[in-house]
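This report walks through selected parts of the structure shown below, taking the strands first, then a single arginine, and then the interface.

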Amino acid sequence: MSENIKAALEAYTSTVEKAIAKFPERPNLPEQRLYTPVDLGDQDYVSEIGFPGQYPFTRGVQPTMYRGRFWTMRMYAGFSTAEESNKRYRYLLANGGSGLSCAFDLPTQIGYDSDDAISAGEVGKVGVAIDSLADMEILFDQIDLSKVSTSMTINAPASVLLAMYIAVAEKQGVSADKLKGTIQNDILKEYAARGTYIFPPKPSMRLITNIFEYCSKNVPNWNTISISGYHIREAGSTASQEIAFTIADGIAYAEAAIKAGLDVDAFAGRLSFFWNAHNNVLEEVAKFRASRRVWAKVMKERFGAKNPKSWMLRVHTQTAGSMLTAQQPNNNIVRVALQTAAAVMGGTQSLHTNSRDEALALPTEESVMVALRTQQIVAYESGLADVIDPLAGSYYVEALTNKIEKEAWEYINKIDELGGAVEAIEKGYIQKEIQDSAYKWQMAVESGEKVIVGVNKFQVEEKPVEGLLKVDDSVGALQKKKLDALKERRDSAAVAAALANLEAGCKDESVNLMPLILEAVKTYATLGEICGVMRKVFGEYEAHVNL
Amino acid sequence: MEKRIRVLVAKPGLDGHDRGAKVVARALRDAGFEVIYTGLRQTPEQIAEAALQEDVNVVAMSILSGAHPQLFPVVVNLIREKGMKDVLIIGGGVIPDGDIPALKEAGIAEVFTPGTPTGDIVKFINENV
């Protein structure tokens, strides 16, 4: 580091002291005012930052990034019945959406049929209700599964929904090896942050490694897991915690798969990640860059992966739902545009943009259109996608990338000391860290230290927002009718036999459950019946909350 | 010493989003209330029973899934049926303004929507218990 830069910096700092005496700086700013070459020290460009498509992937996972093609514009959607959601999917594809992303309702996510008493009030609310293969056939009606890639936000019953997808494709004449898509399948963050768990950790990890193994042989282009920081961030974590806890989860999955006898390079290339694009644009860009570097080192150095594909952290992104405000909802369009810019400059592989009205209800078709157009404007008009990793070399962004990476390693080491992510979650450590950050954020907003426009500053008198999307309450009754009719017409002996086979398989840890689940699905056994068998054998997870 | 106000913070239904419930629970505790948090996936019956067993003054429910029109009124009815006439019942979450009059009609004393400072909830409880 040249001495003249340090000397010039000192000279600048002394002039600043005088300026501050006259014009004090705003409170609560980041501790450092300015970044210079001094902050990067002797960082080696080639080994620490490197080139796009090359280890350690700080600058992105592909050699040309968006110069070849843009990220996948993948809008998360689904509500009410399969018929309604199918219409929304075809609308999105017709308007330039480039992949599907299915939202399932809570009974589906927790493995209950729509007619279960516990499903009352929830059917079709936060996503589409899927009770059996019959619903799934309707959901993808007139959508060619050999052409579209589909992401499914499904975790505890991921194997069942994946089996249904494979079965629908088969009926369309599309073989499993042609299918492209992702299942979320990340149970650890369900325990830590999102809440749609069913089974305890051990059988859950078995189901996940069964999927890794099955897909590596039969559905090779499928992303078998989307290891998700998104919900950890939504639950209140910081940027560093988001990537640290998620990569710690990723380490746990890799260890479980290796313990089950899989070779790291057989599954690691199909692991994918899911980040949040939050409000602080430059911090987010640095987070994306740091996360790629950490994962590359984990895979190469810790697990000894040899295939460069195993080292790459490929990521889907969603803009931060928790940063949307119910107040002056049109302001959310601007927030989402900035978050989109962050995700793109961070180098995401696909993106969902939230709609302005989502702090109030599910989005209307019109709001979704604005959200999709936001991505298209960033892609085609802003220039942000024209040069690879455009913020590299910014003293601030590089220093922040280093700082976030360092903080992430500190957490990962701490979690290793606790015995890994599963142990750290069972001890409540990760949950407590997230809760503490969430509480700190809320108090900062309430004290005015953190300004949220329209919420704690610049408020106006507002009229209730009109024209919100309302899910028809008759969905529950409709699904019940469909279930009754299905149970009349299906071959009940075949259903019973498939469920008995599945139960026997669950009891034998050496069995891969995917083929058995696929057989059960094809008999039109319901999601609730299949998960019911697994509940019976595996039991259910019980959360313990320390406030 | 005056008896402290006891609050049950509850998550009815299948919704797993409990950032708000936990932040509110902690803020109420810091404000001097005794707070019990039910955890996720409570049926209306379980919530009413917990309110009875814990002898609370307030039940504060949170739903972000849109199931509030179905579930909130059921909890109110069960609590009243169990003879807890004076328990203050409040709700919060992703709840459109248009749904609030019906919820109040059903016996939810107040509905707190996104952006509400926790101090407002503390104040409401202090003024209405």
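## Parallel strands in chain A

In this predicted model, strand β3 (residues 149–152) of chain A pairs with strand β4 (residues 180–183) of chain A in the parallel sense, and the pairing extends over four bridges. Within this pairing, Thr150(A) has Gly181(A) of β4(A) as its bridge partner. The two strands also belong to a right-handed β-α-β unit, in which β3(A) and β4(A) are joined by helix α7 (residues 158–172) of chain A.

β4(A) has a further parallel neighbour, since two bridges join β4(A) to strand β5 (residues 222–223) of chain A. Here the bridge partner of Thr182(A) is Asn223(A), which lies in β5(A).

## The surroundings of Arg314(A)

Asn223(A), the partner of Thr182(A) in the strand pairing, also appears in the surroundings of Arg314(A), where the side chains of Arg314(A) and Asn223(A) make a polar contact at 2.9 Å. Arg314(A) itself sits in the loop that lies between α14 (308–311) and β8 (315–319) of chain A.

Leaving aside residues up to four places away in sequence, Arg314(A) touches Asn223(A), Val61(A) and Gln349(A), together with Gly269(A), Arg270(A), Leu271(A), Ser272(A) and Phe273(A). Of these contacts, the one with Val61(A) links residues that are 253 residues apart in sequence, although their C-alpha atoms are 6.9 Å apart in space.

## The interface of chain B and chain A

Where the two chains meet, 32 residues of chain B are in contact with 43 residues of chain A. The area buried between chain B and chain A is about 2900 Å², and carbon and sulfur atoms give 57% of that area. On the side of chain B, Leu14(B), Arg19(B) and Arg41(B) supply 28% of the area that this chain buries against chain A, which is more than any other three residues supply.

The rule finds two salt bridges across this interface, and one of them joins the side chains of Arg26(B) and Asp436(A), with 2.8 Å from N to O. In addition, 14 residue pairs are found in polar contact between chain B and chain A. The elements that give two or more residues to the side of chain B touching chain A are α1 (19–30), α3 (68–81) and α5 (118–128) of chain B, and α1(B) gives the most, with eight residues. Taken by residue type, that side of chain B divides into 13 nonpolar, ten polar and nine charged residues.

Definitions and conventions:
Residues are numbered from 1 along each chain as its sequence is written. Chains are lettered from A and ligands numbered from 1 in the order in which they are written. This is a predicted model: local features need pLDDT of at least 70, side-chain atom pairs count only at pLDDT 80 or more; totals for chains, interfaces and linings use all residues. Side-chain values use heavy atoms; hydrogens and water are left out. Contact means heavy atoms within 4.5 Å. Buried area is the accessible area (1.4 Å probe) that two parts lose on being put together, summed over both. A salt bridge is a side-chain nitrogen of Lys or Arg within 4 Å of a carboxyl oxygen of Asp or Glu. A polar contact is a pair of N or O atoms within 3.5 Å; within protein, one must be able to donate a hydrogen and the other to accept it, and residues adjacent in sequence count only if both atoms are side-chain atoms. Ala, Val, Leu, Ile, Met, Phe, Trp, Tyr, Cys and Pro count as nonpolar, Asp, Glu, Lys and Arg as charged, and the others, Gly among them, as polar. Two strands pair if DSSP finds at least two bridges between them. A crossover is right-handed if, with the strands pointing away from the viewer, the path from the first strand over the helix to the second runs clockwise.
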